[in-house]
Amino acid sequence: MGEKVQRREDPRLLTGNGRYLDDLGRGALQAAFVRSPHAHARIVDIDIADAWELDGVEAIYTWEDLPGRVAEPLPVLIPHPAMTHARTGYCLARDEVNHVGEAVVMVVARDRYVAEDACARITVQYDTLPAVVGVARARDGDRLVHDDVPGNVAANLRQEVGDVDTAMAAAPHTLTLELAIERSACMPMEGKGVFARWDADDGSLRLYSSTQTSTGVRAAVAAKLELPLAKVEVVTPDVGGGFGVKIVHPWPEEVLVPWAARNLGRDVKWTEDRREHFVSSAHERGQLQEVTVGFDDDGRLLALDVHFWHDNGAYTPYGIIVPIITATQLLGPYKPGAYRVEFWSLYTNTVLVTPYRGAGRPQGCYAMERTMDAIAEHRGLDRAEVRSRNFIQPDEMPWDHGLMFQDGRPLKYDSGDFPASLAKLKALVGWDDFAAYREQAAREGRRVGLGIGCYVEGTGVGPYEGGHVQVETSGRVNVATGLTTQGQGHQTILAQIVADELGVPFDDVHVTTGDTRRMAYAVGTFASRGAVMSGNAVALAARVVRAKALRIAAEALEVSPDDLDIADGVVSVKGAPGTSIALKTVAVMSNPLRYAFDASAAAATQFAGTFDPDTPPVGDDDEPGLEGQDFYSPTQATFANGMHAAVVETDPVTAEIRILRYCVVHDCGVMVNPMIVEGQVHGGVAQGVGGALYERMVYDEGGQLLNASFMDFLMPYASEVPHIETDHLETPSPLNPLGIKGAGEAGTIPVSAVIASAIEDAEGFPIRSMPISPAELWELRRRHAASDPHPVPVQEDPR
Amino acid sequence: MSQSAADPLLDITVRVNGVRRTAAAPARRLLSDFLRHDLGLTGTHVGCEHGVCGACTVLVDGEPARACLMFAVTAQAHDVTTVEGIGHDPADLDPVQQAFVECHALQCGFCTPGFVTTISAYLDEHPDPSADEAREAISGNLCRCTGYQNIVAAVLRAAELRREREGTP
Amino acid sequence: MKPAPFVHHAPRTVEEAVAVLAQVGPDGKVLAGGQSLVPVLNMRLASPGHLVDVNGVAGLDTVEVTAEHVRVGALVRHAGLERHDGAAAALPLLRQAVRHVAHPAIRTRGTTVGSLAHADPAGEMPAVAVLTGAVLEVTGPRGTREVAADGFFLGPLETVLEADELVVAVRFGRLPAGTRTGFAESARRSGDYALAGVALAVSTDGNTVTGARASFVSVTPVPDVLVLTPVLAGARVGALPLDAVTEAVRAHVDPESDIHAGADYRRMLAAELTVRSLVSTTTGVREGAA
């Protein structure tokens, strides 16, 4: 624990020995889909005759062909009382399509080339309907996505703590900010993919999916295909990134591919291509926000009143998790005074919206931090100072905001030292020296700005994860946890934890994730929960095994378990290392045998050694084998936090924006592997930079996604991502045995807020819409020069 | 295997990682698919199929090229090197691969083969790059996990390792 | 994203290539580097029935430098031209510009001639071709003809080439001794198509500008030359009439808006890049001296 251990996964992945979804099932039939070219339309007719003419086509399916529950709408995964109008799509569109890219026809063919040939020969006639594109249009409600959803409102949720109206009326100063933030997407380098193998003899299904939840897929597919759970196993191979999009399940293809495999009695595979990923996976981030804040002369918050309108796309399979997180995590490290937040989650005829790394937090952080800067500007105060004055103090932990979080549990911060984090950040970026730097730059004709953003992230939400630890008689330690891995290094960090807990060499520990054959109970990988949940689960399981090992060894050595210790795979008497027994020998002893398969096993057979004839070989409250299982299930999330600062330079003429420095102070409690934590921060910041300066989903009014390629959706290359300077604070979480808080999403959360803050500082006018391109900044300059600022800037209430 | 008349199979022979490999595939078979599915060399990954992401980068006559923008038939005249050709044994890593381990330059690993091939060819021509040059060298490959910082470090470390290995026969 | 079926032709000579092109007519496409064509095929935005793969045609892969020009064969890759020291010495603008073409792994396959035949207004090399008075050598069933770059491009992705013709080489004209060149462009990300770009040739006599010409990337429907000599002739280096240059460029270019930037922005950017490139080209950047 705490060591920069090199990753176990790497040599395999670096040498072409990884096994990602599309690397499996060589020779399997391949699926491709006819997808809707229209954002909103009724399906009039589907003509597949031409496609059947093609050699190599094995099956063509439309909704009409789907049986039973496969033909029913996909599940609403996370129902919520406020989501009065949940709507989900079908595996194949039934009679209406609601976004470009929605699957209409499935083709299964010899290979993907032929499958695409067949798709090209299928004609679908549509009656097009008016499309609802963009939050503003959806909010207008004059056009509807779903006929039976008035105002396009999937959900309306309001939470209030304190009396906002009274506090606002009494506040010496108020400001209102109107803010906008656009769509981006997870965009893992590997798209989704499913490979199904139906065993007709056994009536069972083996399903491989590039997913963030194998147990979730298993349960959903078993339900859809009406198979006993015992006849479905789901294995997650190497996954080429997830970032949220692969937590949604079942994707239509996760149902259709195994269904087709069973139908055809053949292996069937679907590998999503990049264009499909753009138009048929998921996006995130699009919101319009209105923040009204009341504060005193010193910039202290008295009342905060937030309304926002969230674009949930065409369907709501993942519920309203994203806007709930925005509504709650918006508060960051601050005490808001009285707080009221109300949101409307709105349907649009666009790709659905589900969590993307940060999951609503980047939007919330953006709203709060833009507000902090506006207060500082209004009061003529230092921006860091205003933040500092509003911090929850370390001695006020745990801090209960009085709100309900995304897991249905209280939004109660368990730990964090925000003043200390801010001090570290100011030192790292040189906050107090920036004025001098700015003057120096100005003398050189350069325009620079400094930005800051703070956030708190609820990580490691429940309900639970499990760990299973087994010591083989060879000394090999097998560890299984059910959540999946997409590059976070779980095989390394979980092995580190178990090696420490159990007292065995790191190299002896082997970790399996995301395989329902090895761990049938699990939730999934999201919400920065891998290390918190499975880390603690495997630690607890290792403790079970350790206790058992000590008990067996104590009997063998005729000492008390309290007198024993385990180190380097050997159980020995404290202070008398000569009196010892290898853990692998304990493993032999733990499993009384009738049959010997090797020399070590012989020691456990019934004629070897002595025994008490009055006790059974396996005690009443015991089980054979040196193994154990346990589950970690916390009462609530644990809250990580961090603060970022950036220095940007904007070209005085071309408005090109360059990040000169990017500084991160991060507190995720105890770090299992600081190298991996740092890597997570880097990757998060890079995605944040993408979202702040480069990436957006450009829909036209008709609902066509205009930039559905890597040519026009501008994911940053190395040339666009700055060098990232990091510092860490470790305030352990009191909530879990290891003191861990999650780290996965943190880097992404404040970046749009920070960059907006820095550009605003450089330019001297408010930035109220992100992302921002040079052309947009240039346009803003023109408008401000013409005194026609837009979007609406900070407005002092006229009272 | 049956086939449609419009898309006849050709015997395509490409020298891959020093070995002549032949498979029957239609003219439209992308080199990336030929390597992965016809030859079973799945180390070359496909991330976009329009030449932007660089995950499928292989070396054609020693120079980096997008395997998704080349037809296998066109590759017949050339030597193709994939990540497996750089180093296929997890216990015996090439300097670039070793540097990636040391610098934590990969997370999910999907884009990684394209970086390894690209960097390998780059270091052949530029054995001692600066940090800025290293960053530029990898600026044609997308990675969604690492933020690139550790890949830049790995380029520099790989250059060091290459020099060390050359220095010690 | 897999291409539709096509018939693959692998001619060994220019004559064979042209014969096949003539035979398949408009249903045929020439495949050289393929770095623009193959993405289009993969996305099935085009599905030609025949691909005439000229990669095996002998004799098209050379760069020749003479007193008058740099001749680049149809199979010379951007990377090959970039690396060619003789070409860089004879006409520095070639290396200055070709470095901006996409990313290295694209330049290793993409051909310079191919980028001319493709005639993308966002291409760098068409701008260089018109600025250097390049001549394209075009072979068809009716024989060989020479087409000046000025006149070759008809519009975005449109040229005077017939379906059965093949560009076998381009001769970039060398610039008079003492001409300095510059190339600048701005893209959203490194290696992306430029929002705007400029190729520049400036001649000086001592510290006095005697002539200047510019051509542009991404801001004109076809690459053409803006003669800046009337604006700049007689001006002293270090005291150039940059506002007048800005005005001239703004009046010349005719950019379109797209999702990355509006026309106004691109116009400004083209002018600013020209000004900056002009300043750096004339202030002792010896690298650019011909």
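This report describes the chains of a predicted model, their domains and some of their contacts.

## Chain A

Chain A is built from 20 helices and 30 strands, and its C-alpha atoms fill a box of roughly 95 × 75 × 50 Å when the dimensions are taken along the principal axes. A compact globule with 799 residues would have a radius of gyration near 28 Å, and the 28 Å of chain A agrees with that value. Of the 799 residues in chain A, 60% are buried. When contacts in chain A between residues at least 6 apart in sequence are considered, 81% of them join residues at least 24 apart.

In soluble globular proteins, nonpolar side chains tend to be buried together. The largest nonpolar core here has 416 residues, among which A:Met106, A:Val107 and A:Val498 touch the most other members. Helix α15 of chain A, spanning residues 530-557, gives the most to this core, with 14 residues. For A:Val498, leaving aside residues up to four places away in sequence, the residues touched are A:Val469, A:Val477, A:Val479, A:Val509, A:Val538 and A:Ala542.

## Chain B

Chain B has six helices and five strands, and from the N terminus on its elements follow the order β-β-α-β-β-β-α-α-α-α-α. The radius of gyration of chain B is 17 Å, close to the 15 Å that the globule rule gives for 169 residues, so chain B is as compact as a globular protein of that length. The box filled by the C-alpha atoms of chain B, again along the principal axes, is roughly 55 × 35 × 25 Å. Buried residues account for 69% of the 169 residues of chain B, and among contacts in chain B between residues at least 6 apart in sequence, 56% join residues at least 24 apart.

Chain B is divided into domain 1, covering residues 9-84, and domain 2, covering residues 95-167. The centres of these two domains of chain B, taken over C-alpha atoms, are separated by 22 Å, and the contact between them involves 16 residues of domain 1 and eleven residues of domain 2. On the side of domain 1 of chain B that touches domain 2 of chain B, the elements that give two or more residues are β3 (57-60) and β4 (63-66) of chain B. The largest share of this side, three residues, comes from β3(B). By class, this side of domain 1 of chain B has seven nonpolar, eight polar and one charged residues.

## Chain C and its contact with chain A

Chain C is likewise divided into domain 1, covering residues 63-173, and domain 2, covering residues 179-288. The C-alpha centres of these domains of chain C lie 21 Å apart, and 20 residues of domain 1 are in contact with 23 residues of domain 2. The elements that give two or more residues to the side of domain 1 of chain C that touches domain 2 of chain C are α5 (92-98), α8 (124-131) and β8 (153-155) of chain C. Of these, α8(C) provides the largest share, seven residues. That side of domain 1 of chain C has 15 nonpolar, four polar and one charged residues.

Chain C also touches chain A, in a contact that takes 16 residues from chain C and 24 residues from chain A. On the chain C side of this contact, helix α12 (residues 263-282) of chain C gives the most, with three residues. The residues on that side divide into seven nonpolar, four polar and five charged.

The table sets out the residue classes of the three contact sides described above.

| Contact side | Nonpolar | Polar | Charged |
|---|---|---|---|
| Domain 1 of chain B, touching domain 2 of chain B | seven residues | eight residues | one residue |
| Domain 1 of chain C, touching domain 2 of chain C | 15 residues | four residues | one residue |
| Chain C, touching chain A | seven residues | four residues | five residues |

One further residue of chain C can be placed individually. C:Glu247 lies in helix α11 (residues 242-252) of chain C. C:Glu247 has 13 other C-beta atoms within 10 Å and is therefore partly exposed. The C-alpha atoms of C:Glu247 and C:Val227 are 13 Å apart in space, while the two residues are 20 residues apart in sequence.

Notes: Residues numbered from 1 in each chain as written. Chains lettered and ligands numbered in written order. Predicted model: local features only at pLDDT ≥ 70, side-chain atom pairs only at ≥ 80, totals over all residues. Helix = DSSP H or I, 4+ residues; strand = E, 2+ residues; numbered from the N terminus. Rg over C-alpha atoms; globule rule 2.2 N^0.38 Å. Buried ≥ 20, exposed ≤ 12 C-beta atoms within 10 Å, placed from the backbone. Contact = placed C-beta atoms within 7 Å. Domains from an automatic or database assignment. Nonpolar A, V, L, I, M, F, W, Y, C, P; charged D, E, K, R; others polar. Core = buried A, V, L, I, M, F, W, Y, C linked by C-beta atoms within 7 Å.
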